[in-house]
Amino acid sequence: RPRLQEILPGSTSIQHTQPEYIEVNYRVQQKKTVPVELTSIIELASQYQLAHAPEISPSEVKIYGSTTQLDSITKIITDSVHLIDLQQSIMKEVPLIAPKGVRVEPSTVQVAWEVEQFTEKSFRLPLQVEGISRGEKIRLFPSEVEAVVRVGISQFEKIEADDLQAVCPYPTAQDKKLTVEIRSTNPYITSSRAIPAHVEYIIER
């Protein structure tokens, strides 16, 4: 009552309050930093691709709650984003889904998708067979293949033949032809294929 009296005009007096006291239950909240995980379905327009993985800012958020609640949370998920026929870069503010009884700060993140057109580039590569024993030789027909790779236009000049390798597995008794695999060490190559995709062989011992 004395504190209430302090905030009232001097000519006003408190005769009675009901209830005299208010019981408040509270608990100390704990804090934890966790990563943000994007939930999205992206449908790109024909001849377009993502230049790289979506960028989330901030990539981590702080969550507040009881120790029991926070111990079971390893990430915070965004609302689902569905983009259709995407052919240009875009940035969106996306809400975060807060678990019940947990406060998330900030409550939204910025997500950027960088989109670009892609093209194809091809190279002639010698073909290698994996797992050949010493003294053994396998002849391949043909011995070279064409490797066709898909790459964003902005990275076209950065792709070289040295980034690629054409290999076949060691043949089994059932193999009439060997399947060609194109391997890449360049992160800008998004897909690849071999022409021809299968080759004939002869084992010489």
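# Reading a predicted model, feature by feature

Colleague: With a relative accessible area of 47%, how does Asp85 count: buried, partly exposed or exposed?

Modeller: The reading turns on two cut-offs, because a residue is called buried under 20% relative accessible area and exposed over 50%, with partly exposed in between. The value of 47% for Asp85 therefore makes it partly exposed, and please keep in mind throughout that this is a predicted model. Asp85 belongs to strand β5, residues 76–86, and its phi is near 55°, a positive value in a residue other than glycine.

Colleague: Where is Gln47, and what is its phi?

Modeller: Gln47 is located in the loop between β1 (30–44) and β2 (48–50), and, although it is not a glycine, it has a positive phi of about 75°. Its relative accessibility of 43% falls in the range that counts as partly exposed.

Colleague: Turning to the whole chain, how many helices and strands does the protein have, and what does its radius of gyration say about how spread out it is?

Modeller: The protein has 2 helices and 16 strands. For the second part, one compares the radius of gyration with the value from the globule rule: here it is 32 Å, well over the 17 Å that the rule gives for 205 residues, so the protein is more spread out than a compact globule. The spans of the C-alpha trace along the principal axes, about 110 × 40 × 25 Å, add the dimensions. Of the 205 residues, 29% count as buried, and the accessible surface comes to about 14,000 Å², with 49% of it belonging to carbon and sulfur atoms.

Colleague: Which residues of the largest nonpolar core touch the most other members?

Modeller: The general idea is that nonpolar side chains tend to be buried together in soluble globular proteins. In this structure the largest nonpolar core has 21 residues, and those touching the most other members are Leu127, Leu140, Leu164, Val180, Ile182 and Val199. At least two residues of this core come from each of β9 (115–129), β10 (137–141), β11 (144–152), β12 (164–168), β15 (189–195) and β16 (198–204). A second, separate core of 18 residues includes Val36, Val102, Val111 and Val115.

Colleague: What does Leu127 contact, leaving aside neighbours within four places in sequence?

Modeller: Among its contacts beyond those neighbours are Leu140, Pro142, Val145, Val180 and Val199. Pro142 lies in the loop between β10 and β11, and the peptide bond joining Phe141 to Pro142 is cis, with omega about 0°. A cis peptide bond also runs from Glu105 to Pro106, where omega is near -5°; Pro106 sits in the loop between β7 (103–105) and β8 (108–113).

Colleague: Which residues does Lys62 touch, not counting those up to four places away in sequence?

Modeller: Lys62, which has its place in strand β4 (residues 60–65), touches Lys31, Lys32, Thr33, Arg103, Val104 and Glu105. Its relative accessibility is 35%, so Lys62 counts as partly exposed. To Leu178, which is 116 residues away in sequence, the distance from C-alpha to C-alpha is 53 Å.

Colleague: How many Å apart are the mean positions of the positive and negative charges?

Modeller: With 22 positive and 27 negative charges in the protein, the two mean positions are 5 Å apart.

Notes:
Residues numbered from 1 in each chain as written. Predicted model: local features only at pLDDT ≥ 70, side-chain atom pairs only at ≥ 80, totals over all residues. Heavy atoms only, no water. Helix = DSSP H or I, 4+ residues; strand = E, 2+ residues; numbered from the N terminus. Rg over C-alpha atoms; globule rule 2.2 N^0.38 Å. Buried < 20%, exposed > 50% of the residue type's maximum accessible area, 1.4 Å probe, protein only. Areas by Shrake-Rupley, 256 points an atom, 1.4 Å probe, with all protein chains shown as cover. Lys, Arg positive; Asp, Glu negative; His and termini not counted. Charge placed at Lys NZ, Arg CZ, Asp CG, Glu CD. Core = buried A, V, L, I, M, F, W, Y, C linked by side-chain atoms within 4.5 Å. Contact = heavy atoms within 4.5 Å.
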